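Work through the exercises below with the sequence and the model at hand. Try each task before reading its solution.

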Amino acid sequence: MRFLTAGESHGPSLSVIVEGCPAGLSLTEGFINEQLARRQLGAGRGARQRIEQDRAQILSGVRRGETLGSPIAMLVTNRDHANWQETMATGETQGAADRLFTIPRPGHADLAGALKYDRRDCRDILERASARETAARVAAGSVSRRLLEEAGIHIGSSVTGVGGIQSPPGETVSACRGLDPEMPMTDPEAARRVQEAIRAAAADGDTLGGSVCVLAEGIPPGLGSHVHWDRRLDAKLGAHFFSIPSVKAVELGAGVRVSGLRGAEAQDPVHYEVRRGFYRESNWAGGVEGGISNGEVIVVTAYLKPLSTLMKPLDSVDIGTKRAAKAQKERSDVCAVPAAAVIGEAVLALCLAEALLEKVGGDSLGEVLRNLEQYRLQVERF
Ligand SMILES: Cc1cc2nc3c(=O)[nH]c(=O)nc-3n(C[C@H](O)[C@H](O)[C@H](O)COP(=O)(O)O)c2cc1C
């Protein structure tokens, strides 16, 4: 299963094509829209979320609520485009040229992208670099999520830190589901302090980063492989999570914490019971050993830097005049950490659905589930 997205932040729409989804999977716009709505929630989002009310329109690959095995094309309209028609017109326009965006914002793709693509207007870069693209990824991830649900694999997330205020991760998917979507932290006192910190940062024209923990339960052992670097599940998870804009570090399981421990403390001893099979009592590894899922819960933590667009802008240089100037402003969020948790769920679903299909194969949902059942039996009887 693979996917491609297209679309600029203020263009007419985002589009996404998901290819390789088995036939016979029930999929509705309603299910995808629930996930899109979750991405828009969360303390610290800006005015854009009040303008947009993301809805996916399924254009192909689904008939009467079931996938056909053919490419699934989806469209998410940008409502805000109505305010940007002249600036974002795809054809030549009669109107006067807009003010160019010539003062790149530190921390964004603005300057590196303008140099690379030889563009004199940073808008040619920032429109696609914007995290608006993650709405298309959440739509694609919803298809994977549906498939995983059928396979008994469930995904959840929690926010574990914002602006230095920490909260323990949700320990199970069902515990994560009960959290407040405005600030899905397990510690309500931490969540309250975070809301205050967001208000204070907004008042200072500043922004906050943080961390999210994403879990997947019900994973069979054996996804990914140790045999080659690009088949390792941990490598694939890293690529997926690092592709979320503003993610600067990714941990599997206990992550950096184990680097300071002794070897005897930092592994997960193996146990066996007749009905239960092999199991662990700890999960330092986060569900992956040697690049292969080991059957325990997959636990990924991603760390996000504070958002780069500041209402009190940093020093920059005008790419036209080469004179020092304050970075140009663009409407912006103060904190996007709760949204990143939902995006983290989507990328985990995309990664795991691909790995699952690679392991068991199948052109129809029935075939996938039969193959998975056979494989689970093989593991049980091992
Ligand atoms: C959900 C989400 C929303 C974001 N919104 C903004 C925003 O409003 N303003 C901003 O400056 N950065 C925002 N970002 C982060 C930028 O997209 C990102 O920092 C930028 O594209 C540069 O990429 P990099 O930080 O990965 O290097 C957001 C990120 C996410 C995940």
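The exercises cover two sheets, a helix, a ligand shell and a few single residues.

**Ground rules**

This is a predicted model: local features need pLDDT of at least 70, side-chain atom pairs count only at pLDDT 80 or more, and totals for chains, interfaces and linings use all residues. Residues are numbered from 1 along each chain as its sequence is written. Helices (H or I, at least four residues) and strands (E, at least two) are DSSP runs, numbered from the N terminus. Two strands pair if DSSP finds at least two bridges between them.

**Exercise 1. Give the strand order of the open sheet formed by 4 strands, and find its edges.**

Step 1. The order is S1-S2-S6-S3, with antiparallel pairing.
Step 2. Strand S1 (2-6) and strand S3 (56-60) are the edges; each has a single partner strand, so one side of each is left without a neighbour in the sheet.
Step 3. From one strand to the next, the twist averages 20° (axes are lines fitted to C-alpha atoms, for helices over the stretch in contact; angles run from 0 to 180 degrees between N-to-C directions).
Step 4. Take the S1 pairing. S1 and strand S2 (residues 13-19) run antiparallel and are joined by 5 bridges. Phe3 stands opposite Val18 in S2.
Step 5. Add the helix. H5 (residues 133-150) packs on the sheet and touches S1, S2, S3 and strand S6 (72-77). Its direction makes about 30° with that of S2. Contact here requires C-beta atoms, placed from the backbone, within 7 Å.

**Exercise 2. Do the same for the open sheet of 5 strands.**

Step 1. Read the order: S8-S7-S9-S15-S10, with antiparallel pairing.
Step 2. The edges are strand S8 (165-166) and strand S10 (247-252); each has a single partner strand, so one side of each lacks a neighbour in the sheet.
Step 3. Look at the S8 edge. Strand S7 (residues 154-162) pairs with S8 in the antiparallel sense over 2 bridges. Val162 stands opposite Ile165 in S8.
Step 4. Find the helix on this sheet. H9 lies across S7, strand S9 (210-217) and strand S15 (298-304), and runs at about 145° to S7.

**Exercise 3. Check the span of H9, then decide how covered H9 is.**

Step 1. The expected span is 1.5 Å times one less than the number of residues. For the 24 residues of H9 that gives 34 Å; the end C-alpha atoms are 34 Å apart, which agrees.
Step 2. Count burial. A residue is buried if 20 or more other C-beta atoms, placed from the backbone, lie within 10 Å of its own, exposed if 12 or fewer, and partly exposed in between. In H9, 21 of the 24 residues are buried, so the helix is mostly covered.
Step 3. Look past the end. Just after H9, Gly361 has a positive phi of about 65°.

**Exercise 4. Describe the shell around the ligand.**

Step 1. The shell has 21 residues, and the closest are Ala131, Pro245, Thr309, Asp333 and Ala336. To be near, a residue needs its C-beta atom, placed from the backbone, within 6 Å.
Step 2. By class there are 10 nonpolar, 9 polar and 2 charged residues. Ala, Val, Leu, Ile, Met, Phe, Trp, Tyr, Cys and Pro count as nonpolar, Asp, Glu, Lys and Arg as charged, and the others, Gly among them, as polar.
Step 3. Helix H9 (residues 337-360) gives the largest share, 3 residues.

**Exercise 5. Is Met183 buried or exposed?**

Step 1. Place Met183: the loop between helix H6 (173-177) and helix H7 (188-203).
Step 2. Met183 has 25 C-beta neighbours inside 10 Å, so Met183 is buried.
Step 3. Beyond residues up to four places away in sequence, Met183 touches Ala43, Val159, Ala191, Val194, Gln195 and Pro338.
Step 4. Met183 and Ala339 are 156 residues apart along the chain, with 9.6 Å between their C-alpha atoms.

**Exercise 6. Compare Asp118 and Ser246 by phi and by burial.**

Step 1. Recall that most residues other than glycine have a negative phi.
Step 2. Asp118 has a positive phi of about 55°. Asp118 lies between helix H3 (110-117) and helix H4 (123-129), in the loop. With 7 C-beta neighbours inside 10 Å, Asp118 is exposed.
Step 3. Ser246 has a positive phi of about 80°. Ser246 sits in the loop between helix H8 (233-242) and S10. With 20 C-beta neighbours inside 10 Å, Ser246 is buried.

Key: Two residues are in contact if their C-beta atoms, placed from the backbone, lie within 7 Å.
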